[in-house]
Amino acid sequence: MSVETWQRFRLADVVTDVFAGAWGDSPTDSRHSNVQVLRATNIDSDGRIDYRSPAHRVFNAREISRKSLRVGDLLLEASGGGPGTPVGRVALHVRADSEIVFACSNFFRAMRPDRNVILPEYLACVLERLYRSPEIWRYQQQTTGLVNLKFRDYLNQLLLIPPLGEQQRIVELVNALSAAKRGIEASITKLRSVRQGVLLDFMAKIEPQWTPVSEVGGVRMGKQLSPDSRASGEQYPYLRVANVYAGHIDYSDVNSMGYTKVERAAYRLVPGDILLNEGQSLELVGRSAIYREAPGAFFFQNTLIRFRCGEKVMPEYAQIVFEYWLRVGVFAAIAKQTTSIAHLGGGRFGALEFPLVSLSDQQTLVASVAACDESLRVEADQLAKLRLLKRGLVDDLLSGQVAVSVAGV
């Protein structure tokens with residue numbers, strides 16, 4: 001079908017109803033929840049709604065009549081956002097349940113597409129594409145503490161819309177790509193569960209020699225940053241909390257400070273060192289990664305703890321143990337909470353009882369986890385490629401640059 005048959009409409013002209021969300025009242029002993037309200041936390045950046053944890057609220061009869069959602073309504077985030085994150089996320093309401101009334105919070109606007117002109121699924125694709133484009137910044141308005149959508153301007157935007165039959169074919173193709181994406185995501189979820197099972201099974205079967213961390217390896221806090229260290233001495237790059245993620249180190253943003261000859265001997269990293277976040281939020285304190293040799297010499301700041309394995313411990317095994325401790329809350333349990341940061345503490349970390357097993361048992365666990373990680377890497381690569389394919393193809397389809405028949409439908 002030729003793009004010449006497509007027509008331009010204002011967004012306002014292809015919706016039959018637009019209304020603000022509502023928050024209602026809190027349930028009480030005498031007034032039970034009668035509406036489930038969808039919030040920003042229920043919507044992801046792909047426009048999917050998680051219906052498992054809505055807010056249970058109380059609406060009066062007039063609010064229910066005016067604010068209830070219908071299948072096919074679009075939820076548009078009108079307030080929220082944050083630094084570098086615009087408002088304007090869009091989600092399609094798809095759940096039909098005769099026993100549940102759904103509404104959206106007052107941080108959203110609901111839009112009801114005119115199905116004689118545009119399919120809800122197609123409009124969701126168009127507006128999701130807008131959200132991913134630089135054009136979305138035209139509709140941002142900063143207020144105190146919040147970013148609001150310039151909703152009137154947003155409704156006045158022009159959309160290039162094909163006939164309904166062409167819309168349907170485009171939607172079917174997008175749905176097929178989305179289904180493939182969900183399949184890979186499900187596979188990744190299953191692999192993560194398998195990986196966790198391998199670790200839990202191992203921990204349940206072994207009979208380790210429980211030994212303090214400080215006795216199976218070296219524990220050291222990094223050098224404290226100060227104005228003098230920034231300006232004096234020979235400057236060397238150092239790693240900090242911002243560089244250490246779960247299982248990997250990011251070298252794209254590395255700072256430098258001065259280290260004396262004695263300090264260089266104490267704080268220099270060698271391959272196999274494990275770096276743990278000493279100061280972080282409570283749920284992330286203790287997050288760790290193995291240092292692999294990078295170009296040049298690297299050191300570390302006191303926001304990190306370095307663990308250097310002794311001869312009886314493989315770095316990969318220690319990293320798995322630390323990852324397990326992070327997941328089950330061992331680090332959070334011993335951390336000291338300040339105003340906004342939790343501190344692990346080198347002494348408290350060093351006193352933790354480490355499950356020391358034979359090197360052959362360590363190798364068995366490391367090999368099993370590595371096999372899971374390799375499968376996860378392959379699936380993650382496939383997911384990244386599919387996301388790029390979907391994004392590029394959808395951009396072409398919605399702009400009319402590629403006909404659906406050419407795309408293979």
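This is a guided tour of the predicted model, one selection at a time.

**The whole chain**

Begin with everything shown as a cartoon. The chain has 409 residues, and 45% of them count as buried. Along its principal axes, the C-alpha atoms fill a box of roughly 75 × 60 × 50 Å. Twelve helices and 26 strands should come into view. If you draw contacts between residues at least 6 apart in sequence, 78% of them join residues at least 24 apart.

**Stop 1: strands S1 and S12**

Select residues 7-10, which form strand S1, together with S12; the two run antiparallel and are joined by four bridges. Now show the side chains of S12, residues 158-161. Which of them are buried? Leu159 and Ile161 point to one face and are buried, while Leu158 and Leu160 point to the other face and are not. This is a pattern worth keeping in mind: in a regular strand the side chains alternate between the two faces of the sheet. To see how the two strands line up, look across from leucine 159 in S12, where phenylalanine 9 stands opposite.

**Stop 2: a four-stranded sheet**

Next, colour strands S2, S9, S5 and S7. They make an open sheet in the order S2-S9-S5-S7, with antiparallel pairing. The edges are S2 (15-20) and S7 (90-92); each has a single partner strand, so one side of each is left without a neighbour in the sheet. On average, neighbouring strands here are turned by 20° against each other, direction ignored. Zoom in on S5, residues 74-77, which pairs with S7 in the antiparallel sense over three bridges. Leucine 76 faces valine 90 of S7 across this pairing.

**Stop 3: a three-stranded sheet**

Move on to S18, S15 and S22, an open sheet in that order, S18-S15-S22, with mixed pairing. Here S18 (255-259) and S22 (299-300) are the edge strands; each has a single partner, so one side of each lacks a neighbour in the sheet. S15 covers residues 234-239 and pairs with S18 in the antiparallel sense over five bridges. Pick tyrosine 236, and you will find methionine 257 of S18 opposite.

**Stop 4: alanine 246 and strand S19**

Select alanine 246, in the loop between strand S16 (244-245) and strand S17 (248-249). Is this residue buried or exposed? With a relative accessibility of 59%, alanine 246 counts as exposed. Leaving aside neighbours within four places in sequence, alanine 246 is in contact with Arg287 and Ser288. Asparagine 277 lies 31 residues away in sequence, yet its C-alpha is 9.9 Å from that of alanine 246.

Asparagine 277 takes you to strand S19, residues 274-277. Ile274 and Leu276 point one way from S19, Leu275 and Asn277 the other way, and all are buried. S19 runs antiparallel to S21 (residues 288-290), joined by three bridges, and isoleucine 274 stands opposite isoleucine 290 in S21. S19 also pairs with S23 (residues 304-309), in the antiparallel sense over four bridges. There, asparagine 277 has leucine 304 as its bridge partner.

**Stop 5: where two helices cross**

Show helix H4 (residues 164-205) and helix H8 (residues 315-328), which pack at an angle of about 100° with their axes 12 Å apart. They are therefore roughly perpendicular to each other. To display the contact, select Arg195, Gln196, Leu199, Leu200, Phe202 and Met203 on H4, and Tyr317, Ile320, Glu323, Tyr324 and Arg327 on H8. Coloured by type, these residues divide into seven nonpolar, one polar and three charged.

Keep arginine 195 of H4 selected. Arginine 195 counts as buried, at 14% relative accessibility. Not counting residues up to four places away in sequence, arginine 195 touches Glu323 and Arg327, and also Val369, Cys372, Asp373 and Leu376.

**Stop 6: the cysteines**

From arginine 195, step across to its contact Cys372. Cysteine 372 is buried, with a relative accessible area of 9%. How many disulfides are there? The count comes to zero. Take cysteine 104 as a last selection: the nearest cysteine sulfur belongs to cysteine 125 and is 20 Å away. Cysteine 104 also counts as buried, at 1% relative accessibility.

Technical notes: Residues numbered from 1 in each chain as written. Predicted model: local features only at pLDDT ≥ 70, side-chain atom pairs only at ≥ 80, totals over all residues. Heavy atoms only, no water. Pairing = 2+ DSSP bridges. Disulfide = S-S within 2.5 Å. Buried < 20%, exposed > 50% of the residue type's maximum accessible area, 1.4 Å probe, protein only. Axes fitted to C-alpha atoms, helices over the stretch in contact; angles between N-to-C directions. Parallel < 35°, antiparallel > 145°, perpendicular 65-115°, else oblique. Contact = heavy atoms within 4.5 Å. Nonpolar A, V, L, I, M, F, W, Y, C, P; charged D, E, K, R; others polar.
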